[in-house]
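Here are some notes to read alongside the model. I have grouped them by helix and by residue, so you can follow each point on screen.

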Amino acid sequence: MKVFVTGAAGFIGKATVRELTQNGHQVLGLSRSDANTTAITEAGGSPHSGSLEDLGSLKSGAQAADAVIHLAFIHDFSDLDRSMTVDRAAIAAIGEALTETGKPFIVASGTLGMPPGEVSTEETQPLRNLGAFSERIKAADMVQELSKDKNVRGMLVRFSPTVHGKGDGGFIPRLIDMSRQRGTVLYTGDGTSRWPAVHRDDAALLLRLALEKGIAGSVYNAVGEQGVSMKDIMTLMGKCLDLPVKGVSVEEAAESVGFFAHVIGMDNPTSSEKTQKELGWKPVQPGLLEDMEASYF
């Protein structure tokens with residue numbers, strides 16, 4: 001298939017482009033800069049000029065392809081409302097281009113925002129009272145509506161809060177940088193909050209399998225490890241940075257790390273049992289702690 005990928009020059013996107021092209025697919029990657037074009041080309045794809053806010057470029061990319069994987073998202077934590085608005089407009093534009101085609105349309109989402117303290121599955125409904133986190137549910141609703149009413153093979157892939165691997169620029173590297181600057185590694189409460197995790201190469205494989213085998217209206221969980229405790233993550237961080245590690249209240253942590261204090265306190269254990277069974281997906285890459293120790297410090 002010829003696949004239009006937004007976010008193709010990103011951390012997950014480049015791995016996805018490689019996974020697709022190495023398995024017989026062609027990739028048209030959304031590019032908003034010369035650097036994007038270079039990254040997409042080096043990964044094996046062809047650049048398609050445009051951006052998330054250039055809806056015409058999104059529509060033309062979708063129309064030129066047999067399938068779409070939407071990974072791009074503006075990770076601006078100072079203005080998440082705008083990021084969510086741009087994301088929904090992009091999904092609407094791509095969805096319009098794919099209406100009545102039956103083509104696959106995979107949209108990235110996240111596991112954060114599920115009911116805390118219980119193992120979430122693909123069937124678990126996210127909470128709708130969590131502010132910005134719940135805003136992204138509206139995008140998921142749009143994918144379901146496209147599948148149900150518009151003859152689009154829409155699928156949602158919920159990513160773990162940490163998709164790890166060499167070159168990661170997400171939560172874990174940011175927490176490492178904050179800890180270095182502060183001289184202390186913090187976790188909230190007793191550190192028993194758990195995060196699911198997945199290696200980016202395993203995530204890229206999942207996206208390919210969803211493209212090839214996924215069922216319209218399905219939710220798939222990109223989760224390689226069900227739950228790694230925040231205390232274990234921070235203890236390893238302290239060891240590798242040679243810094244003290246301590247548990248503090250969310251309020252105290254927020255004075256140092258702001259928004260991240262609430263995120264690291266989220267207990268988000270998540271299963272991918274259904275995803276693995278339905279798609280024949282088997283995560284085989286190193287786990288989060290092993291990967292961190294090998295390549296994050």
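**Notes on helix packing and a few residues**

1. Let us begin just past H9, where Asp242 has a positive phi of about 60°. Helices here are DSSP runs of H or I with at least four residues, strands are runs of E with at least two, and both are numbered from the N terminus. Asp242 sits in the loop between H9 and strand S12 (245-248). At 69% relative accessibility, Asp242 counts as exposed; the cut-offs are under 20% relative accessible area for buried, over 50% for exposed and in between for partly exposed, with a 1.4 Å probe and protein chains only. Most residues other than glycine have a negative phi.

2. Before going on, a word about the source: this is a predicted model, in which local features need pLDDT of at least 70 and side-chain atom pairs count only at pLDDT 80 or more, while totals for chains, interfaces and linings use all residues. Residues are numbered from 1 along each chain as its sequence is written, and side-chain values use heavy atoms, leaving out hydrogens and water.

3. Asn151 is another residue to look at, since it is not a glycine and yet has a positive phi of about 55°. You will find Asn151 in the loop between helix H6 (137-149) and strand S6 (153-159). Its relative accessible area of 40% makes Asn151 partly exposed.

4. Back to H9 itself. Its 12 residues should span 16 Å at 1.5 Å a residue, and the end C-alpha atoms are indeed 16 Å apart; the expected span is 1.5 Å times one less than the number of residues. The buried residues in H9 include Met230, Ile233, Met234 and Leu236, and also Met237, Gly238 and Leu241. In an α-helix there are 3.6 residues a turn, so residues three or four places apart point the same way.

5. What does H9 pack against? The axes of helix H7 (residues 171-182) and helix H9 (residues 230-241) come within 11 Å and cross at roughly 50°. Axes are lines fitted to C-alpha atoms, for helices over the stretch in contact, and angles between N-to-C directions run from 0 to 180 degrees. H7 and H9 are therefore oblique to each other; under 35 degrees would be roughly parallel, over 145 roughly antiparallel, 65 to 115 roughly perpendicular, and the rest is oblique. The crossing of H7 and H9 is right-handed, meaning that the near helix is turned clockwise from the far one by less than a right angle, while anticlockwise would be left-handed. H7 brings Ile172, Leu175, Ile176, Ser179 and Arg180 to the contact, and H9 brings Ile233, Met234, Met237 and Leu241, where contact means heavy atoms within 4.5 Å. By class, the contact of H7 with H9 has seven nonpolar residues, one polar and one charged. Nonpolar covers Ala, Val, Leu, Ile, Met, Phe, Trp, Tyr, Cys and Pro, charged covers Asp, Glu, Lys and Arg, and the others, Gly among them, are polar.

6. For a second pair, turn to helix H1 (residues 11-21) and helix H8 (residues 200-213), whose axes come within 8 Å and cross at roughly 55°. That makes H1 oblique to H8, and the crossing is right-handed. Among the contact residues are Phe11, Ile12 and Ala15 of H1 and Ala204, Leu205 and Leu207 of H8. The contact of H1 with H8 holds eight nonpolar, one polar and five charged residues.

7. A third pair is helix H3 (residues 55-63) with H4, with axes that come within 8 Å and cross at roughly 40°. H3 passes H4 in a right-handed crossing. The residues in contact include Leu55 and Leu58 of H3 and Ala89, Ala90 and Ala93 of H4. Nine of the residues in the contact of H3 with H4 are nonpolar, one is polar and two are charged.

8. H4 has 19 residues and reaches 27 Å from its first C-alpha to its last, close to the 27 Å expected. After H4 comes Glu100, with a positive phi near 65°.

9. Finally, is His70 of strand S4 buried or exposed? His70 is buried, with a relative accessible area of 1%, and its contacts include Asp87, Ala90 and Ile91. Ile74, in the loop between strand S4 (67-70) and helix H4 (80-98), is partly exposed at 23% relative accessibility. Ile74 touches Leu52, Arg82, Ser83 and Val86, leaving aside residues up to four places away in sequence.
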